[in-house]
Amino acid sequence: MSLARVSSSFLQRATPHHCPAINNSPVLATECFTTLDLWFLKSFLLASILKSIMASNKVPVYSTNDLKSTSDDALLPYLTNLPAPYAFTPDYSKTNIRFLLGYSAVAIAGFTFYADRTLGWEATTSPWIIAAVGTYFVLNSILTYWIWAVEAGEVYSGKRKTGETISVSSSAKKFSKLYKLHVIYKSASGKVLQDKQYEAPFTTWFSADGVFHPEPFRRWVASEIDVLRLAAKENEKKSG
């Protein structure tokens with residue numbers, strides 16, 4: 001039912017009972033709304049807004065990549081908003097190196113394309129263009145190695161004020177409904193305190209229509225990672 005139709009029905013319903021003398025004046029008829037009429041109209045508007053918000057937050061339930069990406073994105077706000085002293089500060093060093101390699105390769109590609117378009121084919125055979133093309137392929141090779149071997153699916157890396165570090169990698173096979181995490185938690189001295197892999201179905205925190213529910217996701221992560229379990233217990237103590 002459209003908003004215009006709902007508003008019209010309210011006007012028609014309010015006018016005969018409350019203002020029979022102004023049936024032909026919709027402007028004056030609005031003054032005859034009862035409190036209940038206005039409450040219903042506001043409820044309808046609020047429900048429409050909430051429905052549109054929920055629809056925009058839905059994820060295709062058959063898209064493993066979308067389910068994984070949404071779950072990955074939920075890790076950052078969770079791990080950075082833990083109660084003190086358990087909160088982690090994100091470490092973007094690996095991401096910055098990936099961006100540096102990627103943007104450098106793109107810049108070289110753009111430069112050689114510009115040279116080809118403005119200076120002609122002859123200019124592209126010069127030694128500095130050949131060197132630029134070679135550098136482009138080297139950078140792309142390093143970037144590929146960095147993504148697959150160094151980052152290796154890492155979606156979060158952080159450090160606590162006390163020096164402990166955490167690395168969280170995720171994976172999900174195509175057409176699989178299992179979300180897998182690999183967690184490496186180290187002390188300030190570099191000693192490995194936890195190195196385990198966990199998995200759970202996406203349906204644990206996604207509804208049947210693809211809406212992501214953060215609380216079940218956080219509970220699952222906290223139940224599997226030792227330091228997060230301690231943080232959850234600390235929260236319970238504070239909340240009573």
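Rings of Phe, Tyr and Trp (its six-membered ring) count as a pair if their centres lie within 6.5 Å. That idea will help with several of the views below, which come from a predicted model.

**Figure 1. Welcome to the whole protein, with its 9 helices and 5 strands.** Starting at the N terminus, the order of elements is α-α-α-α-α-β-α-α-β-β-β-β-α-α. Of the 240 residues in the protein, 31% are buried. The exposed surface comes to about 15400 Å², and carbon and sulfur atoms supply 62% of it. Among contacts between residues at least 6 apart in sequence, 53% join residues at least 24 apart.

**Figure 2. Here is the open sheet, in which 5 strands take the order β1-β2-β3-β4-β5.** The pairing in this sheet is antiparallel. At the edges stand β1 (89-90) and β5; each has a single partner strand, so one side of each is left without a neighbour in the sheet. Follow β4 and β5 along their length and you will meet 9 bridges between them. For a landmark, look for Y185, which stands opposite Q194 in β5.

**Figure 3. This view settles on S170, a residue of strand β3 (residues 165-171).** With a relative accessibility of 7%, S170 counts as buried, because the limit for that word is under 20%. The side chain of S170 makes a polar contact with the side chain of D72, at 2.8 Å. Leaving aside residues up to four places away in sequence, S170 touches K68, D72, G153, V155, Y179, K180 and L181. Keep Y179 in mind, as this neighbour of S170 returns in the ring cluster.

**Figure 4. Now we look into the largest nonpolar core, a set of 30 residues.** The residues with the most contacts inside this core are W205, F217, W220, V221 and L228. Two or more residues come from each of α5 (75-80), β3, β4 (178-186), β5 (192-201), α8 (214-224) and α9 (226-239). Apart from this core lies another, of 7 residues, including A105, A132, L139 and W146.

**Figure 5. Meet the ring cluster, where ring pairs link Y179, F202, W205, F206, F212, F217 and W220.** The structure holds 15 aromatic pairs. One of them joins Y179 and F202; this pair is tilted, with 5.5 Å centre to centre and 50° between the planes. Y179 lies in strand β4 and F202 in the loop between β5 and α8, so the pair ties together parts that are 23 residues apart in sequence. Both rings belong to buried residues: Y179 has 0% relative accessibility, and F202 has a relative accessible area of 2%.

**Figure 6. A closer look at helix α8 shows F217 and W220, 3 residues apart, about one turn of the helix.** These two residues form a tilted aromatic pair, 6.4 Å centre to centre and with 45° between the planes. F217 is buried, with a relative accessible area of 1%, and W220 is buried too, at 9%.

**Figure 7. The last view is centred on W205, one of the residues with the most contacts inside the largest nonpolar core.** Not counting residues up to four places away in sequence, W205 touches S71, Y179, A200, V211, F212, H213, P216, F217 and W220. You have already met F217 and W220 as a pair in helix α8, and Y179 as a residue of strand β4.

Methods: Residues are numbered from 1 along each chain as its sequence is written. This is a predicted model: local features need pLDDT of at least 70, side-chain atom pairs count only at pLDDT 80 or more; totals for chains, interfaces and linings use all residues. Side-chain values use heavy atoms; hydrogens and water are left out. Helices (H or I, at least four residues) and strands (E, at least two) are DSSP runs, numbered from the N terminus. Buried means under 20% relative accessible area, exposed over 50%, partly exposed in between (1.4 Å probe, protein chains only). A polar contact is a pair of N or O atoms within 3.5 Å; within protein, one must be able to donate a hydrogen and the other to accept it, and residues adjacent in sequence count only if both atoms are side-chain atoms. Contact means heavy atoms within 4.5 Å. A nonpolar core is a set of buried Ala, Val, Leu, Ile, Met, Phe, Trp, Tyr and Cys residues joined through side-chain atoms within 4.5 Å. Two strands pair if DSSP finds at least two bridges between them. Accessible areas come from the Shrake-Rupley method with a 1.4 Å probe; for residues, only the protein chains shown count as cover. Rings of Phe, Tyr and Trp (its six-membered ring) pair if their centres lie within 6.5 Å; planes under 30 degrees apart count as stacked, over 60 as edge-to-face and the rest as tilted.
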